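Open your viewer and get the selection box ready. We will go from stop to stop, choosing what to pick and looking at what is there.

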Amino acid sequence: MLLLAALLWGSLAPAPRARGRSAVRVGGGLGAALDAWTAAPPADTLMLLADTVPVARLLARLAALRRAGTAVTWADGGVPATAIALERVADPEGGVRALVAAPPGTRIVLADPFGAMDTLRPAAGGASALLASGESEVRAAVGAQSVEAGAPESLALRHLVVLGRAGWESKFTIAALEERGWTVDARLAVAPGIEVVQGTPAALDTARTAAVVVLDSLPAADGARVAAFALSGGGLVLSPSGARTPALAALAPARQGPEIRAATLAFASASPRRALSFFPLQLRGDALPLEARDGRVAAAARRAGAGRVVEVGYEETWRWRLGGGTEAPEAHRAWWAAVVASAAYRPVTGRGAGSAPGRAGDGDPVRGAGADLSRAAPRAAIFGALGAPAPAGAPTPTPPRPRVPSGLAAGIVLALLLVEWGSRRLRGAP
Amino acid sequence: MSGFVFATAQYESGDWDSAPLVPANIIDTIARYTQLEVMPTGVAVPLGSAELFRYPFVFLTGHLPVRLNETERANLRTFASRGGLLFVDDHNHDVDGAFHRTCTEEITRTVGPLVDLPNDHPLYSAFFRFENGPPTTTHELNGWGDNLVHKHLLAVLRDGRISVLYSNKDYSSEWGYHPESKRLYSVDNTRFAVNVIVYALTR
Amino acid sequence: MSEIKEGALATARARVSRTQVVLLAGVVTSALFWALAAATLALGALVGLDWWVGLTSQVRVLLRPFAAFIGAAAAVVVAWRGRGARSPERVALWIEEAAPRLRYALVTVLEGRFAAAAPRLEEEVAAVSWWRPLVRAALRATLVPAAALALGVLALAALPRGAVERVGAPRPGDALLRPGPRGGPADPLSPLVATVVSPAYARLAPVTLEDPDQIAALAGSAVRIEGRGDARRLHGRLGADTPASGPGGGRIGGDTLTFAAGGGRWRAGFVMPAEPAALVLTAEGRERVVVLAPQPDSVPVVTLSAPARDTIFRAATGVLPLAAEARDDIGLDAAWFELIVSAGEGETFTFRTAVVHRTAAGGARALALRATLRLDSLGLAPGNIVHLRAVAADGNTVAGPGKGVSETRTLRIARVGEYDSIALEGAPPLFADTSLLSQRMLLMLAEALEARRPRMERPPFVDESRRIASDQARLRRRVGDVIFMRLGGAPQGEEGEGEGERRGGLSPEELLRAADSVTTMTMGEALDFAGGESPVVAVNRPLLEAYNAMWDAGRELEIGEPGRAIPHMRAALEAIQRARNAVRVYLRGRAAPLVVDVARVRLAGSREGAGGGRRAPRPALTLARGRLLSRFRTALPLLAARDPAAVDSLLLLRVDALGGAPAAAAALGEAIAALRAGRDATAPLVRARRALEAEPLRGGPLAAWEGGW
């Protein structure tokens, strides 16, 4: 009876008024709460308890409330530091490199409008994946938080120039690049004054040429022209022999050590280049390793002037194409495409899609590219919209718990009592 | 770079080593006219071994029937599909001979159909210019073999590029002499080999 | 009294029995008529249903039995309802009901319990006639179902004949029998019926396909397509990019596709191409795409099981069992063993080919070949090599018979002495052939000069003769070199002009004397090594003969007498030929490879006229897959929008994928079938995407360098 009385009192007594601050969770009726705030603010301050970032529309409303004078703060309940950026790869076959920032230990599920694509395990700040197609937006889900980025801008691919001597490496490197879709201009020396030429390899200009691949040491004049091209913004790929060209040695990311023989005889699918001998690269200060083998750098890159220079330690990759497994020709093509893409000059022709957080608007979620920012880097967006979160030690109001209305509970209890009473009367029980 | 190695195909059937002086002669020719890196001796490479894929240019000759086994066929198919060039010469110089019939059958079955290579194909201008197509050999002129002077070489083409070059001209005999004897010729009759090698290395 | 009673009872019973017979007949007739009527009406209803919704042939096959079942059920129901006619008592009761005037007299009589009243009751029964109600009942039982049957027959007659035929006698290809919508021209694009007649060699029954999205048949099959409507409104073309050739005609596989019209239908025929293609039919701006998927005819697979390995025989005698198995996907025409016998060595080989145990397979898919080979019958000599293999041919008359071959076994007959302690093996001669050919050329030059002699002045004639003499001398010296080499000396070549130098243990004079001595011997006479003659002379006797003859020829040519030189030149040629055929033996083992002094000869040759030439680019390989993927992605939004063009896009995509992306083509086929059937196509579409699109490459942690890494 006491319980019944308490319940009845609870159902009839007026609700307590919020005192100064009201809290709401993301996903816990935020839209309705904002509707109520718009009609009649129940408290002075709205505190958002966020474990994920609200969708762009709600975030915009929160920002609008804030600008309208309502104190809106938020408490960081573990919003994952997640962002996504897409960049087009300089590869005729297309492809997009997806860079996803996510906390270690989480799982990234990559998808596009046509379905899931892959799952990544982030390490050291995130993970990247090379996607074969990049014509549509890409979504990455990290726990409950999703980030999205639209298709990146398209690239205008120039020609490649391959310089070297007639030989298997030059033949099969050109073949791989052409089969990949590159337009290759080439000059291959056969004898003094006699060269096999394709296209117009002499015209080294970023208006026409994306990168120069130097497979053998060049005469001094040619080396100087190639160096000038690289410094002016062009890409440069150096083989071990090519890096020995005096004019290019200064641009090379590394010095070469003595040649190391192949680690294995057979080309394994997982690590085919272990079956190639290579010249280990000793990096210069500003160079970055791109590929390592047994603790030694096999490919490296650095910026030289406005251009990019990639040096590879392999001199006979053709053996991989010819002697590898069934996938070897395709893998050889893909590897050379990656080498060239890492150096190639990449002029953008399309409009910016705003996928990169750093380029997307001024952080205002309402204007400009703010919506894109909110989708691509939601944590950054909530900082932009609501400012820094409340300090961790600050008191936060407890959000209202969902509960059964006390009137309804009292009714149920009353009905049960009546049933019990009726039952006793019918049975003649006391 | 290890340079060009002249490889002679070693197959299970037939006399694959019927032209033992050709490799040295061609190596001499390559060095004599080009600055290509070239190994001073040739090698014999079994068609049925994975070693084949270390030599993107392979020379095959003989008199006897050429019957490849399945391993040799599979290797040759892969070799051609990956860009290797097989240069076959009929040492019999005889289109009705057993070598020609069996070898062309094997090539057709394994790599693809052999077609007449037009005499203005880039092969004939890859280094020296041969206006009239493949140079005629003394064996043809003297009526040896099938009494024919063959106007064309045959080839299996992939996207316009030669995968298999087939000759009935008996270059194996024509070039089968010690390279030191080359100075006795007013015109070096092995110059066409330079075109074949340069073509293989650059196309 | 008793007789009267019995007689009266019999009379009443007889009348009831007769009535019962009539009623039973009525029930049976009624059941029969109702069965026919119900079956006919059901059939009519089903024909109408098929006309309306277009039932599949699998369903239509069941309709006739279903109608029969309905009829049988109706008959059973009628018979069950009339089951009372089997009982005289029930019949009597029915009579009592039909003739109330009986006032149960008939029932009472039949019951026989009131015998005393029987005569009176009999009289009462006899006084009543129930003929009229009986006739009415019989007529009602017959005429009503007959009317229903007539109604059903009329309904069937009123339905289009084709519609009735589809249900009455369903068969593949009867989609065209289904009447089209009334009030407008028939749609020439739907329905479509294709009949595939495989090449005769395949021995396959013709196949009829209704409304196919894809026609899969052996290349070379005759395909006949048929549709309704006006052929003049129809266009046809092969593939998406081939323009239509105009009304009534199109191009397919390079041949004009001609549409024939008749009976309200159009027809066209073509031969299944060897490569996948799309048949695109267009009418009034609408398209219909049919994928033509040729099925290749594989070549036979042949396995030679005996002999199991290559063998060397000591002697060419004995019997060799041969065994092989051949299989083919369509059918074998014949199989046989093929032999090539190589004889000779060095530069001279002869070949014989033979076919053993050719067996007709008569179209069987598998055949076992068994035969024996008598080595004696081949006339093999030591050193001969037999190349043996099994061959099987299929009956493909379209692309030519496909020939499958087994691996080749090599059977060699050992040479004499091969099993001696010192193994010897033939090796090719080095320079003799060049000599032979050059001699042939010199002979031809001399003969040509002699033929021109009457028309020439003497001085140029002599000059020409001396030029030939000079060449003859050079050739003679080369032959001399060969002889010296066989004694262990190095060939001197043409630079070794000093013939005064002693070479190989013989001076030129000694060599000439040796040649003289040889050539004065009778051919075939045994050489006398004991007489101090050098073995080199003995072994090289044919070459020495040639050397001597060349000397004589050169002398005649030198004095301008080519006519007298010609016999010597012929003798030299013949001797060189014999030298080539001579058995030569060398120690087994590969000759040491010649090492070229690359540095010494580097760039020593004249490169006059040389040039590097221009290289032509290779075509991109992987863009084709990219194009397929791009088209796939374009089609997906159309699918989402339920645009009918989406399926056509997938069909055309499938045509292009059949060649290079079979997995994608298979998945697309499933997706198209699912879409046509109104099922969910997500799973096959996802598989198609996976097949067309490379899997993402995981790049590991975020790299500091952009690009492809």
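Does Arg203(C) count as buried or exposed? Select Arg203(C) in the loop between strand 1 and strand 2 (207–210) of chain C. Arg203(C) counts as exposed because it has 11 C-beta neighbours inside 10 Å; the cut-offs are 20 or more other C-beta atoms within 10 Å for buried, 12 or fewer for exposed and partly exposed in between, with C-beta atoms placed from the backbone. Its phi is near 55°, a positive value in a residue other than glycine.

Before moving on, a word on the model: it is predicted, local features need pLDDT of at least 70, side-chain atom pairs count only at pLDDT 80 or more, and totals for chains, interfaces and linings use all residues. Residues are numbered from 1 along each chain as its sequence is written, and chains are lettered from A and ligands numbered from 1 in the order in which they are written.

Next, pick Arg103(C), in the loop between helix 3 (88–98) and helix 4 (105–111) of chain C. Helices (H or I, at least four residues) and strands (E, at least two) are DSSP runs, numbered from the N terminus. Phi of Arg103(C) is near 45°, also positive in a residue other than glycine, and with 13 C-beta neighbours inside 10 Å this residue counts as partly exposed.

Now for two cis peptide bonds. One joins Ser190(C) and Pro191(C), with omega about 0°; Pro191(C) sits in the loop between helix 7 (161–168) and strand 1 (192–197) of chain C. Another runs from Ala306(C) to Pro307(C), with omega near 0°.

Then select helix 18 (682–692) of chain C. Its buried residues are Pro684(C), Leu685(C), Ala688(C), Arg689(C), Ala691(C) and Leu692(C). Look down the axis: these buried residues fall within an arc of 165°, so they line one face of the helix. The arc is that of the directions from the helix axis to the C-beta atoms.

Show chain A too. Here 35 residues of chain C are in contact with 48 residues of chain A, contact meaning C-beta atoms, placed from the backbone, within 7 Å. Helix 15 of chain C gives the most to the chain C side, with 5 residues.

Finish in chain A with Ala132(A), in the loop between strand 8 (126–131) and strand 9 (138–142). Its C-alpha atom is 6.6 Å from that of Val96(A), 36 residues apart along the chain.

Notes. Contact = placed C-beta atoms within 7 Å.
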